[in-house]
Protein chains: 2
Amino acid sequence: MTKANNLRETEHLQEHLQRVIHLLYQHKMVEGLVPTQTMEHEEFAEALMHRQSLAELRTLLDKLHPADVAHILEAMPLEDRLLIWDLVKAERDGEILLEVSDAVRETLLATMNSGEMLAATEQLDADEIADIAPDLPRYVLDDVFQSLPMEEREKLRAAMSYSEDSVGALMDFEVVTVREDVTLEVVLRYLRRLDELPDHTDQLFVVDREEHVKGILPLNRLLVSDPGAKVGAVMTKKMTVFHPDEKAHEAAQAFERYDLVSAAVVNVEDKLVGRVTVNAVMDFIREESANEALSLAGLQQEEDLFAPVWKSLKNRWTWLAINLVTAFIASRVIGVFEDSIEKLVALAALMPIIAGIGGNSGNQTITMIVRALALGQLNPGNARKLFSKEIGVSAVNGLVWGGVVGLFAFFIYRSFSLSLVMMMAMMLNLLLAAIVGVLIPLTLHRLGRDPAAGSSVMITAVTDSGGFFIFLGLATIFLV
Amino acid sequence: MTKANNLRETEHLQEHLQRVIHLLYQHKMVEGLVPTQTMEHEEFAEALMHRQSLAELRTLLDKLHPADVAHILEAMPLEDRLLIWDLVKAERDGEILLEVSDAVRETLLATMNSGEMLAATEQLDADEIADIAPDLPRYVLDDVFQSLPMEEREKLRAAMSYSEDSVGALMDFEVVTVREDVTLEVVLRYLRRLDELPDHTDQLFVVDREEHVKGILPLNRLLVSDPGAKVGAVMTKKMTVFHPDEKAHEAAQAFERYDLVSAAVVNVEDKLVGRVTVNAVMDFIREESANEALSLAGLQQEEDLFAPVWKSLKNRWTWLAINLVTAFIASRVIGVFEDSIEKLVALAALMPIIAGIGGNSGNQTITMIVRALALGQLNPGNARKLFSKEIGVSAVNGLVWGGVVGLFAFFIYRSFSLSLVMMMAMMLNLLLAAIVGVLIPLTLHRLGRDPAAGSSVMITAVTDSGGFFIFLGLATIFLV
C-alpha cells in the first residue's frame with residue numbers, strides 16, 4: 001500500500017475538513033487568514049469549509065511549520081490523519097516524520113513504500129535519520145546507508161550506536177570550529193563566506209589541528225570584542241562539555257542549571273565529535289516527564305491517542321495483569337478472615353476505608369520521592385532524614401484521620417471497641433504506606449530501574465492487602 | 001533572627017560536611033578538585049572531609065554556579081541547609097534565592113532580616129525581583145520599590161502585575177534594539193561599544209522611533225551578511241511574538257515547536273515591551289510537568305523535601321479529606337448490602353478485586369486524557385472518537401479480565417453463578433471506569449480548572465463505590 005492509495009475523496013470529506021480546520025483555527029495557525037477581526041470563530045470555520053477543496057487545504061498545509069503539521073497529524077483520528085498525510089508534499093515528509101511521536105510515526109510509515117521512505121530520509125541529516133531509523137524496515141535502512149556519502153554514513157553509524165537515553169542520542173554534528181591563533185576579524189570574514197550558520201549557534205568551538213577542544217568563542221563575545229584581538233585571547237575555557245555516553249538526563253540538568261543554548265560533545269581524547277542544543281534537550285525533558293507520568297499510572301509508553309484498541313491494550317496489559325495478581329492476594333487475605341466477617345458484617349463495609357486512605361496517602365509519598373529522585377535531590381546522606389519526615393507525617397495523619405474514621409464507625413455502628421480497632425488500623429496502615437512509599441522508589445532506583453514504573457500499582461497492592469490484614473486481624477483479636 | 005546567628009560550629013559539623021561533600025561529589029561539581037583519576041569516590045570524599053574546615057567549604061561554595069548552590073540547598077535537611085546558607089557570600093544571596101524552589105526560598109528568607117533581603121534584591125533585575133516578590137514581607141517590598149530608580153520601578157510594577165501563568169511572568173526586559181535604515185556595519189560598531197550582550201541574545205529587535213516592532217535581525221544573519229547591507233534588507237518579518245497576557249503554556253508550546261531561543265513580547269499597539277528566553281521557558285515546562293504529576297496524586301504544590309511535618313500535612317490534607325468522604329460513601333454502599341454479605345461472605349473477599357482493577361484501569365485512561373489535554377490534542381471534533389476508543393479498550397479488557405476473575409472465583413468458591421456475576425461486574429465496572437475516566441478531566445477542563453487536580457482520587461471514588469454497587473447489586477439479584 002502506498003501513500004497515493006489513501007488519497008481518495010471520501011464521503012466524509014466535509015466532516016474531515018471541518019475537523020482539520022477547527023484544529024488549525026483553535027491553534028491560531030491560520031490567524032493570518034482571518035478576513036476581518038470581528039468575524040466569529042465558527043463563522044470563519046464555516047466560511048473556510050465551504051470554499052475549501054482538497055487543493056486549498058494542501059496550500060494551507062504547505063504554509064505551516066513542520067511541527068504544526070505534526071501536531072495536526074497527532075490530534076487526528078487515523079482516517080483523517082492519513083488523508084492529511086497524503087496532502088503533505090513528499091519533500092516535507094522527512095521533517096514531519098521527525099516531529100511526530102514514535103507511535104504516530106509508525107502509523108504514517110505504514111502507508112509508505114520503500115521508495116517514499118528513502119526519499120524522506122534524503123532530506124535529513126545523519127543525526128536526524130538516526131532518530132527515525134528504529135522505525136524503518138531493515139531493507140530500507142540498508143538502502144539509506146547505501147545512498148549516503150561515506151562521511152555521512154559514518155556519522156549515521158555513530159549516531160545509531162548510542163543508547164536512547166545517552167547524550168549521543170541528543171547530539172547533532174553541526175559544529176562551526178575556529179583556530180586559537182587567528183584574529184576575530186578573520187573569524188568574521190570566514191563566517192561571511194558561509195550561507196548561514198546552523199540553528200542554535202550561540203558559540204563557535206575553538207579546536208586545534210587534531211580537533212581537540214581548546215575553548216569556546218560565544219557569538220556575544222565575538223560581537224562586542226575588538227576585531228583585532230586573537231581568538232585565544234577572547235575565548236573562554238570555562239565551558240560545559242559532555243561525553244556521548246553520558247546520561248542524557250544529566251546533560252538536561254546541566255542545560256537547565258547553567259542556562260545553556262549549545263554545548264560541545266567530546267570523546268575520551270577530548271576531540272570534538274558534535275554538539276547538543278537546547279531544542280533537543282527541551283524535547284527530551286518533555287518526553288522524560290511524560291514517561292514519568294505514564295509509568296506512575298502503569299502505562300508502558302506514550303500511546304498514539306487514536307491507536308487501534310489492540311495496540312492500547314498491549315500498552316496497558318502488563319500493569320493491569322500485575323494489579324490483578326495483587327488484587328487476588330488481597331482477596332485471599334480477606335478470605336482468611338471470612339469467619340470474622342460472617343460474625344461481624346460491619347467489618348466488610350469498613351475495611352475499604354482503611355485500604356483506600358492508605359493507598360491515597362502512599363501515592364502522595366511515592367510521587368514526592370519519585371520527583372526528588374528525578375531531580376537528584378536524594379542521596380544516602382539525607383534518605384534517613386526524609387524517612388523520619390514521612391513517618392512523622394503519617395503518624396499525625398494516622399491520629400487525625402484515625403480519629404475521624406473511628407467517629408464515623410461509632411456513629412454508624414454504635415460500638416466503642418469497633419471504632420477503637422478502626423482507629424488503630426488506620427494509624428498502622430498509614431504508617432505502612434509511608435514506609436513502603438519511601439522504600440519502593442528507593443529500591444527500584446538502587447536496582448537501576450525506573451523508580452516510577454508502576455509504583456502506584458505496587459503501593460496500592462501493599463496498602464490493600466496490608467490494610468485488610470491489619471484491620472481484620474485486629475478485629476479478630478479484639479472483637480470477634 | 002539574622003543569618004549570622006545560624007553560623008555556629010555545631011557538634012555535628014563533621015556529619016553535615018560529609019553530606020555536603022557527598023552531594024557535591026555526586027553531581028560532579030568538584031570534579032576539577034580530584035587529585036588523581038584513579039582515586040576512588042569514597043576515598044576522595046573522605047580526604048576532602050578530613051582537611052575540610054568551614055572556611056574551605058566557603059571557598060568551595062564560592063566557586064559554584066548559583067544553580068548548583070541552589071541544588072545543594074534544596075537537597076539538604078533544614079539544619080544543614082541553613083548552615084550552608086550562612087556560608088554563602090551575601091552578594092550572591094539574590095541570584096541563589098532566584099534559583100531555589102518557592103518552598104525552599106521561604107525557609108531561607110525566614111532567616112534573613114529586612115536589611116539582608118533588601119541587599120539581596122539589589123543584585124537583581126526588575127523581572128527577577130518580581131519572581132521573588134510574593135515571598136517578601138510587605139514592608140521589605142516597599143523599601144525595594146523606594147530604592148529603585150524610576151524606570152526600574154515601573155518595570156517591577158509591570159512585571160508584578162502579570163499573573164503567574166502568563167507570558168508576562170516569563171518576560172525579561174533585556175532587549176537590544178536597532179533601526180531599520182542603518183547598515184549592518186553600523187550595527188556591528190554599535191554592538192562593539194557594549195560591554196556584553198544580554199544572555200540568550202540570538203536576535204536583535206528591529207523597531208521604529210515609537211518602539212513598534214518591524215522585524216528581527218538574527219545574529220546568524222548579521223554575521224553571514226554583507227556589512228554594507230541595510231538592516232531592513234536583511235531582517236526577517238517572519239517572527240513569533242507574544243502578548244504579555246497570553247498564557248505562558250502557549251508560549252512554551254511555541255518555543256518547543258519552533259525551536260526558539262528568544263522571542264519578542266509586544267503590547268496591544270505592537271510596541272516592544274520585553275522578550276521571553278528559552279531558559280525561562282524551560283524552567284516553566286519543568287514546573288508545569290511537576291505540577292501535573294503532583295496534582296494527579298492529590299498534592300497541592302511542590303513541597304520542600306524537608307518541610308516540617310505540619311507544612312507537608314497542609315499540602316496533603318485537602319485531597320486526603322476528600323478521599324475520606326468518598327471512602328465513607330463507598331462504605332455506606334457496602335453497608336446497604338450487609339444482609340447479602342452475611343448470607344454469602346465470599347462477596348466480601350471478592351468485591352475489592354472489582355473495585356481495584358476498575359481504579360487501575362480508570363487511572364490509565366485519565367493519565368492519557370490529561371496528557372492529551374496538556375498537549376492541546378483534544379477538541380470537540382475528536383473527543384467522541386477518543387471516547388469510543390476508550391470504551392472499546394475497556395470492553396476487551398472487561399471480557400479478558402472478567403474471564404480471569406470469573407475463573408479465579410470459580411476456582412476458590414466452586415460456584416458457577418458466582419463466577420458469572422463476578423465476570424459481569426468486572427465488565428461493567430471497567431466500562432464505568434472508561435466513561436468516567438474520559439469525562440472527569442474533560443469536564444474539569446471545560447470548567448477552566450486544572451484537569452489533573454485530584455483526578456486520581458475522583459476516579460478511584462467512582463470505581464470503588466460503583467464497583468461495590470454493581471457487584472453486590474448483581475449478587476443480591478442473582479445469588480442471594
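**Questions about helices, sheets and symmetry**

Q: Which two helices of chain B have axes that come within 9 Å?

A: In this predicted model, the axes of helix α22 (residues 416-446) and helix α23 (residues 455-478) of chain B come within 9 Å and cross at roughly 150 degrees.

Q: Why are α22(B) and α23(B) called roughly antiparallel?

A: Let's set the angle against the cut-off. Their axes cross at roughly 150 degrees, and angles over 145 count as roughly antiparallel. Therefore α22(B) and α23(B) are roughly antiparallel to each other. As for handedness, α22(B) passes α23(B) in a right-handed crossing. Residues on the α22(B) side include V421(B), L428(B), L432(B) and I440(B), and those on the α23(B) side include M458(B), V462(B), I470(B) and F478(B).

Q: How do the residues of the contact of α22(B) with α23(B) divide?

A: They divide into 18 nonpolar, 6 polar and no charged. Glycine goes with the polar group in this scheme, and G437(B), G466(B) and G467(B) are among the contact residues.

Q: What makes α21(A) and α23(A) roughly parallel?

A: Again, the angle decides. Helix α21 (residues 346-374) and helix α23 (residues 416-446) of chain A have axes that come within 8 Å and cross at roughly 30 degrees. Angles under 35 degrees count as roughly parallel, so that is the label for α21(A) and α23(A). This crossing is right-handed, and the residues of the contact divide into 22 nonpolar, 7 polar and no charged.

Q: Why are α21(A) and α18(B) called roughly antiparallel?

A: Here the pair spans both chains. α21(A) packs with helix α18 (residues 309-336) of chain B at an angle of about 155 degrees, and the axes are 8 Å apart. With the cut-off for roughly antiparallel at over 145, the two helices therefore earn that description. The crossing of α21(A) and α18(B) is right-handed.

Q: Which residues meet where α21(A) packs with α18(B)?

A: From α21(A), they include L350(A), I353(A), I357(A) and M368(A); from α18(B), R316(B), W319(B), L324(B) and F328(B) are among them. The contact divides into 13 nonpolar, 8 polar and 1 charged. Arginine counts as charged, and R316(B) is one of the residues in this contact.

Q: How do you know that the copies meet through the same surface?

A: The overlap of interface residues tells us: 99% of those of chain B are also interface residues in chain A, so the copies share that surface.

Q: What relation superposes chain B on chain A?

A: A rotation of 180 degrees with 0.0 Å of shift along its axis does it, with an RMSD of 0.1 Å. That is the relation of a two-fold axis.

Q: What makes β1 and β3 of chain B edge strands?

A: Each pairs on one side only. The open sheet runs in the order β1-β2-β3, with mixed pairing. Strand β2 (residues 203-207) pairs with β3(B) in the antiparallel sense over 5 bridges, and pairing needs at least two. One of the partnerships puts Q203(B) with P218(B) in β3(B).

Q: Which are the edge strands of the β4-β5-β6 sheet in chain A?

A: They are β4 (241-242) and β6 (272-277), each pairing on one side only. The sheet is open and its pairing is mixed. Strand β5 (residues 262-266) and β6(A) pair in the antiparallel sense over 5 bridges, with S262(A) opposite T277(A).

Notes
Residues numbered from 1 in each chain as written. Chains lettered and ligands numbered in written order. Predicted model: local features only at pLDDT ≥ 70, side-chain atom pairs only at ≥ 80, totals over all residues. Heavy atoms only, no water. Least-squares fit on C-alpha atoms with pLDDT ≥ 70 in both. Contact = heavy atoms within 4.5 Å. Axes fitted to C-alpha atoms, helices over the stretch in contact; angles between N-to-C directions. Helix = DSSP H or I, 4+ residues; strand = E, 2+ residues; numbered from the N terminus. Parallel < 35°, antiparallel > 145°, perpendicular 65-115°, else oblique. Left-handed = near helix turned anticlockwise from the far one by under 90°.
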